[in-house]
Amino acid sequence: MTDSALTVLLVDDNEMIRDCVTAYLEDEGFTVYSYATAEEALELIAAINPSVCISDMRLPGMHGEEFILKAQINSPLTRYLLHTGMLYTLSDELRAIGMTDGDIFLKPLHDLSKLVQKITQIAAVRGGQ
Amino acid sequence: MVQKATETFFKSESRYRMLVENSCDIIFSLDFEGRFVYVSPAWKNILGHELSEVVGHNFREFVDPEDIPRCEDAFMAVIRSNAMQEMTYRVQHADGSWRRHTTRVNRHRDENGVKTIFGTTHDVTERFLFEELISRTEKMAMISGMAAGMAHEINNPLGAILQHAQNIERRVSADIPANVQAAAEVGVNLDLVRAYMQKRGILDFISHIRSAGMKASEIITNMLQFSRRSDAGAEYVNLSTFLDKVLELAGSDYDMKKKYGFRRIELQRLYAADLPPILLSVSGMEQVLLNILSNAAQALADGEPSQQPRIIVRTRLAKGMALIDIEDNGPGIDEQTRRRIFEPFFTTKKIGVGTGLGLSVAYEIVTKGHRGMIAVRSKPGKGSCFTIKLPLQETA
């Protein structure tokens, strides 16, 4: 049984990035579920009920934005973050579900501690509830 | 009969003279030494000299020294082979400015056997400048697209390199309980593993991978500026206040202070009082100005030590545009550098010192992000002046 406050779901089609981020987050004590496609993640997100979901933007099937909008219906308590290589302005739909510019992390992240800082903040709020 | 023929001859000679003297192009003849025997009045219209200042003088007095060999080659060829030659070269106007001329020359032998070179000259300065502008714009667009594409492709592997290096550093640290546990499971002491890595320089190697990766990432971030529309976060600013803030930023920058002695530089602020608020992307324009200031400071650091280094920051209004001049009294920029100064990856700095991206990003930010213009004037030995022109917005 994992503490869902410390659970993170990661979607990125790049295996190296998945491995990196997973390793880092695990070292920080998080449980990480990682998927290469939005479709897989979408099937499982409700059951996992993570505190935080980190998604890439350019994914092979479903686009990151569409994924987040759908995932948010399945797992409304989850906070969503974007980890993307593209300079990106948040759409109105994503703003409507509460995302802000501070939720976008541009690749390459030199230092994953910034991402962890954000996740820790979110997890603390969720853990406190 | 003879009188009739003579009359006809004079009539036709005056007609020829009329044609030559009213030609818009310059018609001339030279002796084999290169001295003008005749020039048509168009010379005065195009180049400003009195004809008496030209006839009897050598063409070498007017042509850019760099282009003289090209002209000499063409003259030699026409003398040898009598085949028409064409050349384009720079020639100095009476007011000191340079014009670009295309000339076709041929050889003539008169009835007494005296040989001359004759030619017609067309002024192609405007066309040349226009073509240069078009080719520069096309080149910039092409390189920008390529740079942005490359940056995107490199981003993911670069991110992986940086993050994996970070993970390696962390996984040999005794601060993370999972590391200690895993080490115990395989029966090694983590402190000893770490000591070994330290002794063999492995930890340094990893940290070098990280710092080199960071440097590459900085370049990539700059390259991505090409595809970025910097209109996000545009706001109306008072240009004088804004420039004061940028100068303060420049003064507190580490490199500017330590490497280029920014504090030593005398700053003159000549701000126009009548400027309306200007719509700017504050961070974008900051980047542009800091880049120009840092280049100026570097140039001044390399300049004549006896001279008080000075930067003038001037604002003015002209033709519906707000102008910002940044002028230094450094060693200046030669013409070849000046022409390529806004090209991506063009740098005069040593390998590893500059990326050649600073001013090309500045160019993109000013032209694409602000629909403005940026240009540089310079006289070697006298300093350089960058001018940014920004359109004035109609405020409601």
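Which residue of β4(A) is the bridge partner of Cys53(A)? In the predicted model described here, in which local features need pLDDT of at least 70, side-chain atom pairs count only at pLDDT 80 or more, and totals for chains, interfaces and linings use all residues, that partner is Tyr80(A). Residues are numbered from 1 along each chain as its sequence is written, while chains are lettered from A and ligands numbered from 1 in the order in which they are written.

Chain A contains five helices and five strands, where helices (H or I, at least four residues) and strands (E, at least two) are DSSP runs numbered from the N terminus. Its elements follow the succession β-α-β-α-β-α-β-α-β-α from the N terminus on. Of its 129 residues, 39% count as buried; a residue is buried if 20 or more other C-beta atoms, placed from the backbone, lie within 10 Å of its own, exposed if 12 or fewer, and partly exposed in between. Among the contacts of chain A with a separation of 6 or more, 65% involve residues 24 or more positions apart, a contact being defined by C-beta atoms, placed from the backbone, that lie within 7 Å.

The five strands of an open sheet in chain A are arranged in the order β2-β1-β3-β4-β5, with parallel pairing; two strands pair if DSSP finds at least two bridges between them. The edges are occupied by β2 (31-35) and β5 (104-106) of chain A, each of which has a single partner strand, so one side of each is left without a neighbour in the sheet. On average, neighbouring strands of this sheet are turned by 20 degrees against each other, direction ignored; axes are lines fitted to C-alpha atoms, for helices over the stretch in contact, and angles run from 0 to 180 degrees between N-to-C directions. Within the sheet, strand β3 (residues 52-55) of chain A is joined to strand β4 (residues 79-84) of chain A by four bridges, and the two run parallel. Helix α1 (residues 15-27) of chain A packs on the sheet through β1 (7-11) and β2 of chain A, with its direction at about 170 degrees to that of β2(A). In the loop between α2 (38-48) and β3 of chain A lies Asn49(A), a residue with a positive phi of about 50 degrees although it is not a glycine. Asn49(A) counts as partly exposed because it has 15 C-beta neighbours inside 10 Å.

Chain B also contains an open sheet of five strands, in the order β7-β9-β10-β12-β11 and with mixed pairing. Here β7 (266-270) and β11 (373-379) of chain B stand at the edges, and each has a single partner strand, so one side of each lacks a neighbour in the sheet. The average turn between neighbouring strands of this sheet is 15 degrees, direction ignored. Strands β11(B) and β12(B) run antiparallel and are joined by seven bridges, with Thr387(B) of β12(B) as the bridge partner of Ala375(B). Helix α8(B) packs on the sheet, where it touches β7, β9 and β10 of chain B, and its direction makes about 160 degrees with that of β9(B). Helix α12(B) packs on the sheet against β11 and β12 of chain B, at about 140 degrees to the direction of β11(B). The loop between β9 and β10 of chain B holds Lys319(B), which has a positive phi of about 50 degrees although it is not a glycine. Lys319(B) is exposed because 7 other C-beta atoms lie within 10 Å.

The largest nonpolar core comprises 39 residues, of which Val288(B), Ile292(B), Leu293(B), Ala296(B), Ala297(B), Ile326(B) and Ala362(B) touch the most other members. Such a core is a set of buried Ala, Val, Leu, Ile, Met, Phe, Trp, Tyr and Cys residues joined through C-beta atoms within 7 Å. Elements of chain B that each supply at least two residues of this core include α8 (239-252), β9 (310-318), β10 (321-328) and α12 (358-370). The largest share, nine residues, comes from α10(B). Beyond its neighbours within four places in sequence, Leu293(B) is in contact with Ala250(B), Ile311(B) and Ile326(B). A second, separate core of 34 residues includes Ile17(A), Ala71(A), Leu81(A) and Ile119(A).

Between the chains, 19 residues of chain B are in contact with 16 residues of chain A. On the side of chain B that touches chain A, the largest share, 12 residues, comes from α4(B).

Notes
Contact = placed C-beta atoms within 7 Å.
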